[in-house]
Amino acid sequence: MTYALSTTVSTPFADTLQATRSALADQGFGVLTEIDLAATLAAKVGADLPPQVILGACRPPLALAAVQAEPSIGVLLPCNVVVRSVDERTTVVEAMDPQAMVSVTGNDRLADVAADARDRITAALNALTA
């Protein structure tokens, strides 16, 4: 099983980052956290990376259902969505495949939650290339 869902778009990083936020919102996800990974690593260890941001996306009804099915699932929440620049005109958007929650925990009660989250994240990624 792969652990990531991914799409590559022919759009500059800043535009893709905004479009990703919008696509996630259209699927009912809010962005709880935003980590500018490139800036953080530049400041902490002097790394020179292309722009890369991690969005911590959450759809509260799905998070609640997941926590009710598996109380320790919080270690895998929120759904991380990474937007990273490949070059000036190409950006990759990747998200952890929610099906990994079922694999990692072995808890089949998470299957419906994971399937719903996967469908919504896949729809958000597909919207970026529509």
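Me: Two strands pair if DSSP finds at least two bridges between them. With that in hand, and keeping in mind that this model is predicted, which residue in β4 does Q52 stand opposite?

Reply: Let's start with the strands themselves. β3 covers residues 52–58 and β4 covers residues 79–87, and six bridges join the two. Another pairing there puts A57 with C79. For Q52, the residue across in β4 is R84.

Me: Okay, zooming out: in what order do the five strands lie in the sheet?

Reply: We can piece it together from the pairs. β1 is joined to β5 by six bridges, β4 and β5 pair over six bridges, and β2 is joined to β3 by six bridges. Add the six bridges between β3 and β4, and the open, antiparallel sheet reads β1-β5-β4-β3-β2.

Me: Which strands stand at the edges?

Reply: Look for strands with a single partner. A strand like that has one side left without a neighbour in the sheet, so here the edges are β1 (4–9) and β2 (30–36).

The pairing across each of them can be picked out too: L5 has A95 in β5 as its bridge partner, and E34 has L55 in β3. So the edge strands are β1 and β2.

Me: By how many degrees are neighbouring strands turned against each other on average?

Reply: Here we ignore which way each strand runs and just compare their lines. Averaged over neighbours in this sheet, the turn is 20 degrees.

Me: How many residues sit between β4 and β5 in their hairpin?

Reply: These two strands pair in the antiparallel sense, and V82 stands opposite E94 in β5. They form a hairpin, and the number of residues between them is two.

Me: Is V83 buried or exposed?

Reply: V83 is found in β4. Apart from residues up to four places away in sequence, V83 touches a whole list of others, including F13, L17, P51, V53, L55 and V92. Buried means under 20% relative accessible area. The value for V83 is 0%, so V83 is buried.

Me: How far apart are the C-alpha atoms of V83 and L55?

Reply: Along the chain, these two are 28 residues apart. In space, L55 is one of the residues V83 touches. Their C-alpha atoms are separated by 7.9 Å.

Me: How many of the seven residues of β3 are buried?

Reply: Take the two directions in turn. Q52, I54, G56 and C58 point one way, V53, L55 and A57 point the other way, and all are buried. That fits a general pattern: in a regular strand the side chains alternate between the two faces of the sheet. Out of seven residues in β3, the number buried is seven.

Me: Which strands does α5 touch when it packs on the sheet?

Reply: α5 covers residues 111–129. Its direction makes about 10 degrees with that of β1, which is among the strands it touches. The full set is β1, β4 and β5.

Me: Is α3 roughly parallel or roughly antiparallel to α5?

Reply: The axes of α3 (residues 60–69) and α5 come within 10 Å and cross at roughly 155 degrees. Angles over 145 degrees count as roughly antiparallel. That makes the arrangement of α3 and α5 roughly antiparallel.

Me: And which residues in α3 meet α5?

Reply: On the α5 side, the partners are V113, D116, A117 and R120. By class, the contact has five nonpolar, no polar and two charged residues. The residues from α3 are L62, A65 and A66.

Definitions and conventions
Residues numbered from 1 in each chain as written. Predicted model: local features only at pLDDT ≥ 70, side-chain atom pairs only at ≥ 80, totals over all residues. Heavy atoms only, no water. Axes fitted to C-alpha atoms, helices over the stretch in contact; angles between N-to-C directions. Helix = DSSP H or I, 4+ residues; strand = E, 2+ residues; numbered from the N terminus. Parallel < 35°, antiparallel > 145°, perpendicular 65-115°, else oblique. Contact = heavy atoms within 4.5 Å. Nonpolar A, V, L, I, M, F, W, Y, C, P; charged D, E, K, R; others polar. Buried < 20%, exposed > 50% of the residue type's maximum accessible area, 1.4 Å probe, protein only.
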